[in-house]
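Let's take a walk through a protein model together. Have the sequence and the 3D view open, and follow along as we go from the whole chain down to single residues.

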Amino acid sequence: MTTAAVELPKLPFEGNALEPVISGRTLEFHYGKHHKAYVDKTNALTEGADLAGKRLEDVIRAAAGDASKKGLFNNAAQVWNHTFFWKSLSPKQTSPSAGFAEKIKSAFGSQEEFNKKFAEAGAGQFGSGWLWLVNDGGKLAILTTSNAETPLTGSKKPLLVIDVWEHAYYLDYQNRRPDYLKAVIEKHLNWAFAETNF
Ligand code: MN3
């Protein structure tokens, strides 16, 4: 028998809490259908196999190094990335603490410059992927990854993420990914979460 299957975590806010930047309808599909499908597929792919019942992070790391487990890696990493994305968002506008604001200033020049560079990096990610703020050896850095790729398998520590797959914004913004990014970055990033991860 298998134990402790991967579960779909509860959203840390109400489905309409990010309106009008991210609509309740987008979240209904993004969380309720896409995120849930990654959870279900991860469980289907691990059921009865050697990784059944393992922690999600361990499943991802094990599958990342095994070409025969590419499908499992994609689904398990997408579960983790989405859970991290919901935590990266705050219904209320937040701002970095004074100490963290200094780190942003030292890495990017100013909060405004960071917002601009972060949005540009996300807009420049070709195709599906993720836009990350990471701790790179004690310094803040921007990183983009393709498809399900996640910094979890490398040395850079993820602090915040924004989903730039079309399913994250298409119902609300159609092809206007830069508008989606600008709104999320300016209004809904959870800076307390970023600082805790640092
Ligand atoms: Mn997504």
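What percentage of the 198 residues of the chain count as buried? The figure is 45%. Keep in mind as you look around that this is a predicted model.

Start with the overall layout. The chain has eight helices and three strands. If you trace the elements from the N terminus, you read α-α-α-α-α-β-β-β-α-α-α. In other words, the three β entries come after five α entries and are followed by three more.

Now for the overall size. Along its principal axes, the C-alpha atoms fill a box of roughly 50 × 40 × 30 Å. The radius of gyration is 17 Å, and because a compact globule of 198 residues would have one near 16 Å, the two agree. Contacts tell you about the fold too: taking those with a separation of 6 or more, 68% are between residues 24 or more positions apart. On the outside, the chain exposes about 9900 Å², and carbon and sulfur atoms supply 51% of that. As for charges, there are 23 positive and 22 negative ones, and their mean positions are 2 Å apart.

Next, find the manganese ion. Which residues coordinate the manganese ion? They are His 30, His 82 and His 167, each through NE2, plus Asp 163 through OD, at 1.9 to 2.1 Å. Along the chain, these donors follow the spacing H-x51-H-x80-D-x3-H. His 30 sits in helix α1 (residues 24-46) and His 167 in the loop between β3 (157-163) and α6 (170-173), so this pair ties together parts that are 137 residues apart in sequence. Buried or exposed, what is His 30? His 30 is buried, because its relative accessible area is 1% and the cut-off for buried is under 20%. His 167 is buried as well, with a value of 18%.

From there, move on to Thr 83, which you'll find in helix α3 (residues 70-88). Its relative accessible area is 17%, so Thr 83 is buried. Leaving aside residues up to four places away in sequence, Thr 83 touches Pro 9 and His 35. You can also look across to Tyr 31: it is 52 residues from Thr 83 along the chain, yet their C-alpha atoms are separated by 9.2 Å.

Asn 115 makes another good stop, this time in helix α5 (residues 111-124). Asn 115 counts as buried, at 17% relative accessibility. Its touching partners, again not counting residues up to four places away in sequence, are Ile 185 and Glu 186. The C-alpha atoms of Asn 115 and Lys 182 are separated by 7.6 Å, with their positions 67 residues apart along the chain.

Finally, check a few details of the backbone. Glu 19 and Pro 20 are joined by a cis peptide bond, with omega at about 5°; Pro 20 lies in the segment before α1. Then there is Asn 147, in the loop between β2 (139-146) and β3. Its phi is near 50°, a positive value in a residue other than glycine, and Asn 147 counts as partly exposed at 42% relative accessibility. Gln 174 isn't a glycine either, and it has a positive phi of about 50°. Look for Gln 174 in the loop between α6 and α7 (177-187), where it is partly exposed with a relative accessible area of 34%.

Conventions: Residues are numbered from 1 along each chain as its sequence is written. This is a predicted model: local features need pLDDT of at least 70, side-chain atom pairs count only at pLDDT 80 or more; totals for chains, interfaces and linings use all residues. Side-chain values use heavy atoms; hydrogens and water are left out. Helices (H or I, at least four residues) and strands (E, at least two) are DSSP runs, numbered from the N terminus. The radius of gyration is taken over C-alpha atoms; the globule rule is 2.2 Å times the number of residues to the power 0.38. Buried means under 20% relative accessible area, exposed over 50%, partly exposed in between (1.4 Å probe, protein chains only). Contact means heavy atoms within 4.5 Å. Accessible areas come from the Shrake-Rupley method with a 1.4 Å probe; for residues, only the protein chains shown count as cover. Lys and Arg count as positive and Asp and Glu as negative; His and the chain ends are not counted. The place of a charge is taken as NZ of Lys, CZ of Arg, CG of Asp or CD of Glu. Donors are N, O and S atoms within 2.8 Å of the metal (3.2 Å for Na, K and Ca); water is not among the atoms, so sites may look incomplete.
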